[in-house]
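Thanks for coming. I have a few minutes, and I will spend them on one protein chain, going from the overall picture down to single residues. Please have a look at it first.

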Amino acid sequence: MTVPVVFFAAFFAYPVVAIVGRGLNTGDGPRPGRIWDVLGRPGIGDVLWFTTWQALASTALTLAIALPGAYVFARFDFPGKRLLRAAVTVPFVLPTVVAGTAFLALLGHGGLLDELWGVRLDTTVWAILLAHVFFNYAVVVRTVGGLWAQLDPRQEDAARVLGASRWAAWRRVTLPALAPAVAAAALMVFLFTFTSFGVVQILGGPAYSTVEVEIYRQTAELFDLPTAAVLTLVQFVAVGLVLAVHAWTVRRREGALRLVDAATTSHRPRGALQRTLLGSVLASIILLLLLPLGVLVQRSLDTAGGYGFGYYRALTSSDGGTFLVPPVDAIANSFQYALAAAGIALVIGGLAAAALTRRAGRLLRGIDALLMLPLGVSAVTVGFGFLIALDKPPLDLRSSWILVPLAQALVGVPFVVRTMLPVLRAVDDRLREAAAVLGASPLRAWREVDLPMVRRALLIAAGFAFAVSLGEFGATVFIARPDNPTLPVAVARLLGRAGELNYGQAMALSVVLMAVCAVSLLLLEQLASRPQPRPGSPRRGARAGTVARTAPTTGEF
């Protein structure tokens, strides 16, 4: 655990403390009373209230819509399942400014709903909530569906044989096993919506503002760093309290369950009810996820001279204003940064997950919760903190290319930990003890017992760390060099400039980013779905299931 702690201390805690400390410390020294002065200002209370209730509403709506999808992906086999699973994950890694623009084109003035039925939902709460469902649908499907697919359905069948109804068997057998995964998904969705920035900034207009949007406004528009620092502290405390409550709740729900190969639990839909459920889930995916993505493709092809690839060809030339290099160079830059960030996240997150698996105690449980904080702390604060804090030896990195992957890795590490930790905890300790009794070294025991179980989770973690790094925007926008922009930064800069060509190029780059993420996730699905040996008997087969313990955040992304 030493390496992960040092990494987070140097590249997360130190920059955040530096920027917040500078905001609170003026010429007359730090004043604790400034916090209450800021919180008492007109409008700040409204920002805090809107941030909280829209996050709760977004979480509830996402769970209600995505949980049926998690069941369908976990239990049903149907044509195009792998492709569709990759497609529903693409929105999660898109830059928020891109998705906000897509929903504005879909729901706003002159959008699809306006043209067909005269309905406009822009600058309303419903537009914000639907956009949050668009982003976080994959979180629930991957987290809950990943565990659901590995639950042994014979346990529920046994309950029905003993006289329980279908609903009672699900409520008493399956739901308790899924509870930690549902809690983990709810936590992730709440954190993402509580810190929502691009969606609220574009769709909310002047009427709605989250804490993250207000931090950006106070920093970049009003240059009021003390107010931004106070809001950062408030957001930090709120996220910490949510993580603490979550950790306490799921520890009370730990129990035993039986995991099996996910490939053995899925089947073709049987009966009218299952076919109706599949059709409903597919319809919701088309309307809420694929339709906004289709708007991006349509806008990227709609040139002044008709439909064509003019905007894509324009990406190969530099206009001499927005970028120092052609926008197409952002593709190669993003790949290089994302690969480096994914490697860093796998090393740091893998070491942290291994340490949390082998040991217990309040201190490690606290560290487990702290690893989630980068998802809840303002990305604007982290970006500015990098510029202010990492400017002196031995951490003078402002001119180094590694600065961007380090910032992106901070977001990727929580995904690696949340993905690998439940699987590592699911391995029965008796298998490791039996291997040690038979003379296996710790390395061989890990290779023969842990590795077969963690291989799939490792691939999932690598794919998500890579995809999330591709779409990271909040911190990267402040530290990416003008001659080495990433795809999200390039899209934001193009959207910020007037002109049809700039807008078309932004849509074209968004489609490129969407396609890269879709292909990456599809390849990941192919690798992760290959049959894998059982722990403890990798070459000769194994029992139908493996007794496992649910972890505090059981699931997979």
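Of the 557 residues in this chain, 55% count as buried. Keep in mind that this is a predicted model. The chain has 23 helices and 6 strands. Its accessible surface comes to about 23700 Å², and carbon and sulfur atoms account for 64% of that.

Now the contacts. If we take the contacts with a separation of 6 or more, 81% of them are between residues 24 or more positions apart. One pair can illustrate distance along the chain against distance in space: Val 237 and Gly 376 are 139 residues apart along the chain, and their C-alpha atoms are separated by 9.7 Å. Val 237 sits in helix 12, which covers residues 225–251. Is Val 237 buried or exposed? Neither: its relative accessible area is 49%, and the cut-off for exposed is over 50%, so Val 237 is partly exposed.

Next, the interior. In soluble globular proteins, nonpolar side chains tend to be buried together. Here the largest nonpolar core has 155 residues, and the members that touch the most others are Phe 7, Phe 92, Phe 386 and Phe 415. Which helix gives this core its largest share? That is helix 7, residues 125–148, with 17 residues.

Take Phe 7 as a case. Leaving out residues up to four places away in sequence, Phe 7 touches Phe 12, Ile 344, Ile 348, Leu 406, Ala 409 and Leu 410.

There is also a second, separate core, of 8 residues, including Ile 44, Val 47, Ile 215 and Phe 478. Ile 215 turns up again in helix 11, residues 211–221, as one of its buried residues. The others buried in that helix are Val 211, Glu 212, Val 213, Glu 214, Gln 218 and Thr 219. After helix 11 comes Phe 223, which has a positive phi, near 55°.

Last, the outside. Which residues make a nonpolar surface patch of about 240 Å²? They are Val 3, Val 347 and Leu 351. Val 3 belongs to helix 1, residues 2–24. Its relative accessibility is 46%, so Val 3 counts as partly exposed.

To recap: a nonpolar core of 155 residues, a separate one of 8, and a nonpolar patch on the surface that includes Val 3. That is my part done.

How values were computed. Residues are numbered from 1 along each chain as its sequence is written. This is a predicted model: local features need pLDDT of at least 70, side-chain atom pairs count only at pLDDT 80 or more; totals for chains, interfaces and linings use all residues. Side-chain values use heavy atoms; hydrogens and water are left out. A nonpolar core is a set of buried Ala, Val, Leu, Ile, Met, Phe, Trp, Tyr and Cys residues joined through side-chain atoms within 4.5 Å. Buried means under 20% relative accessible area, exposed over 50%, partly exposed in between (1.4 Å probe, protein chains only). Helices (H or I, at least four residues) and strands (E, at least two) are DSSP runs, numbered from the N terminus. Contact means heavy atoms within 4.5 Å. Patches are made of residues with over 30% relative accessible area and no salt bridge: like charges are joined within 9 Å, nonpolar side chains (Val, Leu, Ile, Met, Phe, Trp, Tyr) within 5 Å. Accessible areas come from the Shrake-Rupley method with a 1.4 Å probe; for residues, only the protein chains shown count as cover. A salt bridge is a side-chain nitrogen of Lys or Arg within 4 Å of a carboxyl oxygen of Asp or Glu.
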